[in-house]
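User: I am new to this structure and would love a close look at one part of it. Could you walk me through the strands around the main nonpolar core and show me how they fit together?

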Amino acid sequence: MRHLFATAAAVLSFFMVAQVASAAPYAGAQYAGVITTSVNSGNAVVGQSVTLTNVTSEDGSVRGARMYGSVTRVVRAGQGRPAQLQMTFTRLVLSNGTTYAINGVVTGMQAQTKSNALKEIGGAVAGMIVGNIIGKTIFHAGNGMGGFLGAAGGYLAAKNNKENMTVPQGSAVRVTLRSVRRQASRY
């Protein structure tokens, strides 16, 4: 009799876990997954496909899903312009194969931007050299003021030159669903 109850409890808990793992997604739900390819604002294009694997809902009701989408906005970094990268997800496939059409927006990602320190130092040195040359040849000033002003200007110009951003392969991406609609089975 004890074995019957233990077996029944084990079977019941298995079905409860299976049911929780495939609960239907809903608008407002938050998910986290791992991006399968690196995306860089320097060479990404609008429409470029992106995929998240090992997608899990915040409440744990969905695990092991996949999410598919694309890059929807790219701004390359430049002088005074920081890089921007936007991705939107349109399809969620649960581990059991159930597919949903979604409108999912990225609310967090592990983006990396290279340090601008070397550019700033290089800009200051180049500015100092140019400032010294201009100060001595044009203004006949030997007090080093041209070098100082040139260094300051070179540093500020380099400081304002922004770097592109990268979302490396394997990074965590957080997505919030705006809308969800179950798609018909394709079998």
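Analyst:
**A walk through the paired strands**

Let's start with one pair of residues: Met67 has Leu92 in β5 as its bridge partner. This is a predicted model, and the chain averages a pLDDT of 74, with 59% of the residues scoring at least 70.

That first bridge is part of a longer run. β4 (65-75) and β5 (84-93) are antiparallel and pair over 9 bridges. From β5 we can step across to β6, again in the antiparallel sense, this time over 5 bridges. Here Phe89 stands opposite Gly104 in β6, and Val93 has Thr99 in β6 as its bridge partner. β5 and β6 form a hairpin with 5 residues between them. In its turn you will find Gly97, which has a positive phi of about 95°.

Let's take one more step. β6 and β9 run antiparallel and are joined by 9 bridges. Gly104 helps us follow the path: it stands opposite Phe89 of β5, and its bridge partner in β9 is Leu177.

Now for the core itself. In soluble globular proteins, nonpolar side chains tend to be buried together. The largest nonpolar core in this model has 27 residues. Tyr31, Ile35, Leu52, Met67, Leu85, Phe89 and Leu92 are the residues with the most contacts inside it. Among the elements that give two or more residues to this core are β4, β5, β6 and β9, which we have just visited, along with β1 (30-35), β3 (49-57) and β8 (165-167). Met67 and Leu92, our opening pair, are bridge partners and are also both on the list of residues with the most contacts in the core.

Ile35 is a good place to see how distant pieces of sequence meet. Leaving aside neighbours within four places in sequence, Ile35 is in contact with Val50, Thr51, Leu52 and Met87, and also with Val167, Pro168, Gln169, Gly170, Ser171 and Val173.

The loops beside these strands are worth a visit too. Gly47 is in the loop between β2 (39-40) and β3. Its C-alpha atom is separated by 6.2 Å from that of Thr72, although the two residues are 25 apart along the chain. Beyond residues up to four places away in sequence, Gly47 touches Ser70 and Val71.

The loop between β3 and β4 holds Ser61. Is Ser61 buried or exposed? Ser61 has a relative accessible area of 12%, so it counts as buried. Its side chain makes a polar contact with the side chain of Asp59 at 2.8 Å.

Side chains of opposite charge can pair when their charged atoms come close. The model has 1 salt bridge, in which the side chains of Glu58 and Arg174 meet at 2.6 Å, N to O. Glu58 lies in the loop between β3 and β4 and Arg174 in strand β9, so the pair ties together parts that are 116 residues apart in sequence. Glu58 is exposed, with a relative accessible area of 56%, while Arg174 is partly exposed at 31%.

A friendly word of caution to finish. Where pLDDT is low, the predicted coordinates should not be read in detail. Residues 14-21 have a pLDDT below 50, and this stretch has 8 contacts in the model beyond near neighbours in sequence. Over residues 154-161 the pLDDT also stays under 50, and the model has 20 contacts for them beyond four places in sequence.

Conventions:
Residues are numbered from 1 along each chain as its sequence is written. This is a predicted model: local features need pLDDT of at least 70, side-chain atom pairs count only at pLDDT 80 or more; totals for chains, interfaces and linings use all residues. Side-chain values use heavy atoms; hydrogens and water are left out. A nonpolar core is a set of buried Ala, Val, Leu, Ile, Met, Phe, Trp, Tyr and Cys residues joined through side-chain atoms within 4.5 Å. Buried means under 20% relative accessible area, exposed over 50%, partly exposed in between (1.4 Å probe, protein chains only). Helices (H or I, at least four residues) and strands (E, at least two) are DSSP runs, numbered from the N terminus. Contact means heavy atoms within 4.5 Å. Two strands pair if DSSP finds at least two bridges between them. pLDDT is the predictor's confidence in each residue, from 0 to 100. A polar contact is a pair of N or O atoms within 3.5 Å; within protein, one must be able to donate a hydrogen and the other to accept it, and residues adjacent in sequence count only if both atoms are side-chain atoms. A salt bridge is a side-chain nitrogen of Lys or Arg within 4 Å of a carboxyl oxygen of Asp or Glu.
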